Amino acid sequence: IASDALKNGNYMASLEGYLALRDGNGREETEVKIQEARNLLIAEEMFSRAEKAKADGDWFAVQALLEQGDATTNLDFKNYEAAVALSIEATSKVRDLEEKIARELARFRQDAVVEKARRESAEEKAEVASEKAAKA
């Protein structure tokens with residue numbers, strides 16, 4: 001029953017079933033299945049959170065959530081294909097955002113350089129005017 005639940009994507013029922021089996025026999029194989037069920041349950045939660053983050057437009061969170069757990073690495077995860085597609089979309093969106101941020105930073109740096117040059121020029125003019133006034 002636990003293995004059927006795992007195959008059908010009912011990770012909580014699978015975990016409960018394997019935990020009951022472990023209590024009955026404690027075999028190493030059961031421990032492996034318990035860990036697999038836990039990992040897939042975590043993947044399910046991370047995928048759910050990633051979908052919510054997508055709805056909110058938080059692509060950095062989507063990417064971070066899908067990097068955790070087995071959502072995009074375990075072919076047995078019931079939403080594996082959707083998770084991989086969402087991960088690819090998030091990676092693309094994050095890359096676009098990073099490029100936009102880099103362009104904005106470059107523009108701010110250039111603005112700062114121009115502003116510094118204006119300030120230095122104004123300071124030089126003020127200094128020259130001050131020297132002329134002191135000589136007069």
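## Leu97 and the nonpolar patch

In this predicted model, Leu97 has a relative accessible area of 31% and is therefore classed as partly exposed. Leu97 is located in helix H5, which, by its residue limits, runs from 80 to 135.

Leu97 also belongs to a nonpolar surface patch, together with Phe60, Ile101, Leu105 and Phe108. The combined accessible area of these residues is about 440 Å². Helix H5 is the main contributor to the patch, supplying four residues.

## Trp59 in helix H4

Trp59 is placed in helix H4, an element that covers residues 59-67. Its relative accessibility is 12%, and because buried means under 20%, Trp59 falls in the buried class.

When neighbours within four places in sequence are set aside, the contacts of Trp59 are Lys54, Leu86, Glu89, Ala90, Lys93, Val94 and Leu97. The partly exposed Leu97 is thus one of the residues in contact with the buried Trp59. Leu41 is separated from Trp59 by 18 residues in sequence, and the C-alpha atoms of the two are 22 Å apart in space.

## Asn74 in the H4–H5 loop

The loop between helix H4 and helix H5 contains Asn74. With a relative accessible area of 15%, Asn74 is buried, because the limit for that class is under 20%.

A polar atom of the Asn74 side chain lies 2.8 Å from the backbone nitrogen of Asp76. Once residues up to four places away in sequence are excluded, Asn74 touches Leu40 and Tyr80. Tyr80 stands at the start of helix H5, as the limits 80-135 show.

## Overall architecture

The secondary structure consists of five helices and zero strands, and the order along the sequence is α-α-α-α-α. The protein is more spread out than a compact globule, because its radius of gyration is 29 Å, well over the 14 Å that the globule rule gives for 136 residues. Along the principal axes, the C-alpha trace spans about 105 × 25 × 20 Å.

## Burial, contacts and surface

Of the 136 residues, 22% count as buried; Trp59 and Asn74 are among them. Among contacts with a separation of 6 or more, 50% are between residues 24 or more positions apart.

The accessible surface of the protein amounts to about 9,500 Å². Carbon and sulfur atoms account for 51% of this surface.

Conventions:
Residues are numbered from 1 along each chain as its sequence is written. This is a predicted model: local features need pLDDT of at least 70, side-chain atom pairs count only at pLDDT 80 or more; totals for chains, interfaces and linings use all residues. Side-chain values use heavy atoms; hydrogens and water are left out. Helices (H or I, at least four residues) and strands (E, at least two) are DSSP runs, numbered from the N terminus. Buried means under 20% relative accessible area, exposed over 50%, partly exposed in between (1.4 Å probe, protein chains only). A polar contact is a pair of N or O atoms within 3.5 Å; within protein, one must be able to donate a hydrogen and the other to accept it, and residues adjacent in sequence count only if both atoms are side-chain atoms. Contact means heavy atoms within 4.5 Å. Patches are made of residues with over 30% relative accessible area and no salt bridge: like charges are joined within 9 Å, nonpolar side chains (Val, Leu, Ile, Met, Phe, Trp, Tyr) within 5 Å. Accessible areas come from the Shrake-Rupley method with a 1.4 Å probe; for residues, only the protein chains shown count as cover. A salt bridge is a side-chain nitrogen of Lys or Arg within 4 Å of a carboxyl oxygen of Asp or Glu. The radius of gyration is taken over C-alpha atoms; the globule rule is 2.2 Å times the number of residues to the power 0.38.
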